[in-house]
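Q: Could you take me through one part of this protein in detail, namely its nonpolar interior and a few residues worth a close look? A connected account would suit me better than a list.

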Amino acid sequence: MRDNQNQAYIARAKDKELFILPQMANRHGLIAGATGTGKTVSLQNLAETFSQYGVPVFMTDIKGDLSGISKQGGGNPNVTERVDDFKLIDKGFQYQGFPVRFWDVFGEAGHPFRATISQMGPLLLSRLFDLNDTQSGVLSLIFKIADDNGLLLIDMKDLREMVKYVGDNRTRFTTRYGNISTASIGAIQRVLLQLEEQGADKFFMEPSLDIRDLLQIDISGKGLINILTADRLMRSPRLYSTLLLWLLSELFEVLPEVGDLDKPKLVFFFDEAHLLFNGAPKALLEKIEQVVRLIRSKGVGVYFVTQNPVDVPDVVLGQLGNRIQHALRAFTPRDQKAVKSAAETFRENPAVNVKKEITELGVGEALVSFLDAKGIPMPVERAFVLPPQSRIGPITDDERQELIRKSAVFGVYEKEIDRESAYEILQAQIDQRNQELQAQQRQKEAGKAAKPQRTSSGRAGFGGGILGDIFGEVAKQTERSITRNIGNQVGRQIVRGILGGIFGGKK
């Protein structure tokens, strides 16, 4: 909830109000807690607050609960009680909806959300495909060969055709690019088939997402809240986590350096953050760490949402300055470790026994610590997170479709584009080769039809006797020479046609 003093009122402790400073919001954050402890409400509260400050937001909706942020709240007795107890109306609280744009990889519950194969790149695709180091190396070589030969990799059929082409011609590429094993080619092909069955082909196509469509402000000055529908997407958790990491990387690559601003250009919520780090290879973890560390200079704040703070590696956790920690359950040794870890990461407050209270927090309660104006974490406080001003819970399908139709980008992403790329170029080369082989065969057959017929005596028709035998033998040799020359010439034409198409010749 926006405060008049340019600070966002987020939670209420026993004897004080807790604020997050907009100028410190791009220092990243963490929302953690067990299932049912209030993480979704905290996420909704923060999204509303940033929107009121004119900051666009991107977040995923895994359970379908966040769509209600688009509609005015009210009518919830628990919210009404909290509003009255904290006298929030006097602080500027008012029930209202916020500008929302829905996205969906499958194009059913939002605008199609897409990227191209080339945009994703071999590193993230290796993560998505769960490839080992050798297979990842082969995939990188496939991208290199495609780049060197001007073959665009846009959709799944482009990559599938490119993998097949490299596999079929691997001996040609081994000397220049390195070893390309048939086993790795086969592994990549199998993964592509599996992902297509899971719907990944719906994501890899054009038009791809324009980052600028996430960074919009409505006419009232509120930041647009972009919600990626993820209930179906979560059935493919590796695709989900890789997609969000790709988006974060795109923001890092596209946005200019801006330094410290009075408020972020975008706040990015990464829900179910443990999916990003589980099983991630060292190279990918280093990339994530780099992006998180540097992206704040682009004006982007990243907030990880997870059940357990130990799900986030220490190198990343140490960069999350704004924290809302809901209740944790200490039923197992791992849970106890999480409680201890969470307690140690807060700035100490003599009035709060973090290790004890973190397991006793009620629904909507949290241990809260935000950064002060100097970027130093404030002492941890036990507090109630303020209720959202919008509707808690999902909207109806009709309400969702109405918002989609009224969106400024409606119709832009709904129309699929399939321009000439690797698949079309390689298929054209195959067709050309087949035509040339057919022409060669016709020429051979024509040569046979033109061969002189023997007379009834069995000799060629140049006359009988010794003279006929001599001319008959000369004719045979001449025929073999002509046929051989024709075959060599056609063969050279075929080779030139193939190499010319690959290395920048005929299109």
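A: Happy to: what follows goes from the whole chain to the nonpolar interior, and then to single residues.

Please keep in mind that this is a predicted model. The protein has 16 helices and 12 strands, and buried residues account for 50% of its 507 residues. If you take the contacts between residues at least 6 apart in sequence, 77% of them join residues at least 24 apart. On the outside, the accessible surface comes to about 24,200 Å², and carbon and sulfur atoms hold 50% of that area.

Now to the interior. In soluble globular proteins, nonpolar side chains tend to be buried together. Here, the largest nonpolar core contains 83 residues. The residues with the most contacts inside this core are F113, L125, F129, L159, M162, F268 and F304. Helix α8, which covers residues 237-254, gives the most to the core, with 10 residues. Apart from this core lies another one, made of 35 residues, and A13, L18, I225 and I404 are among them.

M162 is a good place to zoom in. Setting aside residues up to four places away in sequence, M162 touches I142, I145, A146, L151, L153 and L426.

Helix α8 deserves a second look through T242, which has its place in that helix. T242 has a relative accessible area of 1%, so it counts as buried, the cut-off being under 20%. What does T242 touch, not counting residues up to four places away in sequence? Its partners are M120, L124, R127 and L128.

For another setting, turn to E424 in helix α15, which spans residues 422-449. With a relative accessible area of 22%, E424 is partly exposed. The contacts of E424, leaving aside neighbours within four places in sequence, are with K157, D158, D418 and R419. The side chain of E424 also reaches the backbone nitrogen of S421, at 3.0 Å. Finally, E424 and E161 are 263 residues apart in sequence, yet their C-alpha atoms are 9.2 Å apart in space.

To put the two single residues side by side: T242 is buried, whereas E424 is partly exposed.

Key. Residues numbered from 1 in each chain as written. Predicted model: local features only at pLDDT ≥ 70, side-chain atom pairs only at ≥ 80, totals over all residues. Heavy atoms only, no water. Core = buried A, V, L, I, M, F, W, Y, C linked by side-chain atoms within 4.5 Å. Buried < 20%, exposed > 50% of the residue type's maximum accessible area, 1.4 Å probe, protein only. Helix = DSSP H or I, 4+ residues; strand = E, 2+ residues; numbered from the N terminus. Contact = heavy atoms within 4.5 Å. Areas by Shrake-Rupley, 256 points an atom, 1.4 Å probe, with all protein chains shown as cover. Polar contact = N/O pair within 3.5 Å; in protein donor to acceptor, adjacent residues only side chain to side chain.
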